[in-house]
Amino acid sequence: MDSFGIGALEDANKFNDEGANTLGHIVEYCNLGRANSLGVRQGALVIPHLTNLGLIAAAKRQRKFKSVGLYGSAREKSFGKDTSSGHWEMMGVPVLFDWGYFSSPSSSFPALLLNSLIKETGIPGILGNCHASGTEIIAKYGEEHVRTGKPICYTSADSVFQIAAHEKSFGLDKLYGVCKVAYNLVKPYKIGRVIARPFLGVGGHYERTDNRRDFSIPPPAPTLLDKMVAANKSVIAIGKIADIFANSGISKHINAHGNHEIFDAILSTLPNAPSDSLIFANFVDFDMKYGHRRDVVGYAQALEEFDSWIPELERLLGKEDIVIITADHGCDPTFKGTDHTREQIPILVFGPGVRSGGYLGIRKTFADIGQSLANYFGMEPLDHGTAFQII
């Protein structure tokens with residue numbers, strides 16, 4: 001569940017994230033009637049299945065909750081609060097170095113970088129060059145971009161270089177080509193990802209499309225995914241997982257966009273997945289559509305919808321199948337700014353053979369998830385993390 005944090009970490013002050021709590025504040029807003037929207041949702045947050053799995057108990061650190069599986073939370077060991085760090089650490093490779101950032105809110109990018117990008121791609125220039133929300137900067141520069149052919153370049157508190165362009169007037173393939181050039185140019189700056197942000201529409205009515213693509217640097221060491229593939233096991237990546245791991249350690253990639261489509265892909269993949277498979281999916285809407293856009297109503301509605309799907313997944317599970325629901329960072333939709341928030345993540349584990357009512361505590365690193373999966377699949381221990389017993 002991309003961005004589904006459950007409370008600020010002890011070091012949140014280093015990120016100006018003191019008091020952030022994605023789940024806690026959504027619950028609070030719902031209880032106060034501040035997440036009501038006619039025809040969308042009303043009242044208190046209704047997530048009975050996630051609650052039975054121990055989500056609320058994990059957030060409140062309740063040790064004696066009769067959950068239907070295992071529940072707990074985890075702190076992040078990585079130095080950042082970005083997508084790559086969270087996912088890589090989850091799979092056993094914490095990011096124990098500082099990413100590079102374009103920290104200046106305006107004139108964010110070095111002139112040398114932009115001049116090289118313009119020269120190597122032949123674009124007439126760039127627009128933006130600042131920290132910005134993706135939807136807001138498209139609204140601001142969209143018409144000028146279409147008129148001039150200059151792509152919109154912007155960044156955030158994450159280690160990213162983002163490029164937005166109109167799919168028709170600029171061209172999707174051309175956008176990907178510019179991003180590939182940018183990917184090589186930002187390497188000396190230790191930037192984690194270049195993100196293509198295509199959009200469609202006309203002035204005043206621009207909307208980002210599902211053709212986003214992340215150009216990520218590969219993890220600095222082999223992850224659980226790499227080791228599974230090397231051991232002739234299967235890793236099936238759904239949605240943006242393959243991009244996050246730079247296609248390393250992926251047996252099969254299933255292209256899916258949005259929470260609905262991603263969940264449907266899981267349902268269709270699970271029954272036919274070979275033995276010793278890991279199906280890894282990222283529910284991107286929580287972060288992209290609701291967290292970053294500070295949409296509490298949308299986030300709450302998406303949580304309730306996700307919760308309602310859980311029984312359908314449970315019915316498909318074989319006797320040895322397990323499910324782990326977790327997250328990669330926070331993105332509190334009630335918080336200041338539009339960036340990720342430094343938070344703990346939930347760990348909810350269930351399946352026919354998973355012991356019930358087990359409190360996993362507060363794990364010291366997301367890597368405990370990868371280590372536990374390595375143990376479950378009968379593999380050699382990873383370099384980071386402490387396994388918890390699943391069965």
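In this predicted model, Val 235 sits across from Leu 278 of β10. That pair belongs to a longer match-up: β8 and β10 run parallel to each other and share 5 bridges. The two strands are part of an open sheet of 3 strands, ordered β9-β8-β10, with parallel pairing. Here β9 and β10 take the edges with a single partner strand each, so each has one side without a neighbour in the sheet. On average, neighbouring strands in this sheet are turned by 20° against each other, ignoring direction. Helix α10, made of residues 258-269, lies across β8, β9 and β10, and runs at about 155° to β8.

Two loops around this sheet hold residues with unusual backbone signs for their type. Asn 232 is found in the loop that links α8 to β8 (234-238). Its phi is near 65°, which is positive although the residue is not a glycine. Asn 232 has a relative accessible area of 73% and therefore counts as exposed, the cut-off for that class being over 50%. Ala 246 is the other case, with a phi near 50°, again a positive value in a residue other than glycine. Ala 246 lies in the loop between α9 (241-244) and β9 (252-254). With a relative accessible area of 28%, Ala 246 is partly exposed.

Back in helix α8, which covers residues 224-230, Asp 226 deserves a look. Asp 226 is buried, yet has no salt bridge. The nearest side chain of opposite charge is that of Lys 227, and it is 8.4 Å away, whereas a salt bridge calls for a separation within 4 Å. What Asp 226 does have is a backbone partner: a polar atom of its side chain lies 2.9 Å from the backbone nitrogen of Thr 223. Setting aside neighbours within four places in sequence, Asp 226 is in contact with Ala 221, Ser 248 and Gly 249.

The model also has an open sheet of 4 strands, in the order β11-β12-β1-β13 and with mixed pairing. Its edge strands are β11 (323-325) and β13 (358-363), each of which pairs on one side only. Neighbouring strands of this sheet are turned by 15° against each other on average, with direction ignored. Within the sheet, β1 (residues 70-74) and β12 (residues 345-350) run antiparallel and are joined by 5 bridges. Tyr 71, for one, has Leu 348 of β12 as its bridge partner.

Helix α13 ties several of these elements together. The helix spans residues 367-376 and is mostly covered, with 8 of its 10 residues buried. The buried set consists of Ala 367, Asp 368, Ile 369, Gly 370, Gln 371, Ser 372, Leu 373 and Ala 374. These residues pack against β11, β12 and β13, and also against β10 (277-281), α8 and α4 (83-90). The packing of α13 thus takes in strands that appear in the 4-stranded sheet, along with β10 of the parallel one. Just past the end of α13, Gly 378 takes a positive phi of about 70°.

Conventions:
Residues numbered from 1 in each chain as written. Predicted model: local features only at pLDDT ≥ 70, side-chain atom pairs only at ≥ 80, totals over all residues. Heavy atoms only, no water. Buried < 20%, exposed > 50% of the residue type's maximum accessible area, 1.4 Å probe, protein only. Lys, Arg positive; Asp, Glu negative; His and termini not counted. Polar contact = N/O pair within 3.5 Å; in protein donor to acceptor, adjacent residues only side chain to side chain. Contact = heavy atoms within 4.5 Å. Pairing = 2+ DSSP bridges. Axes fitted to C-alpha atoms, helices over the stretch in contact; angles between N-to-C directions.
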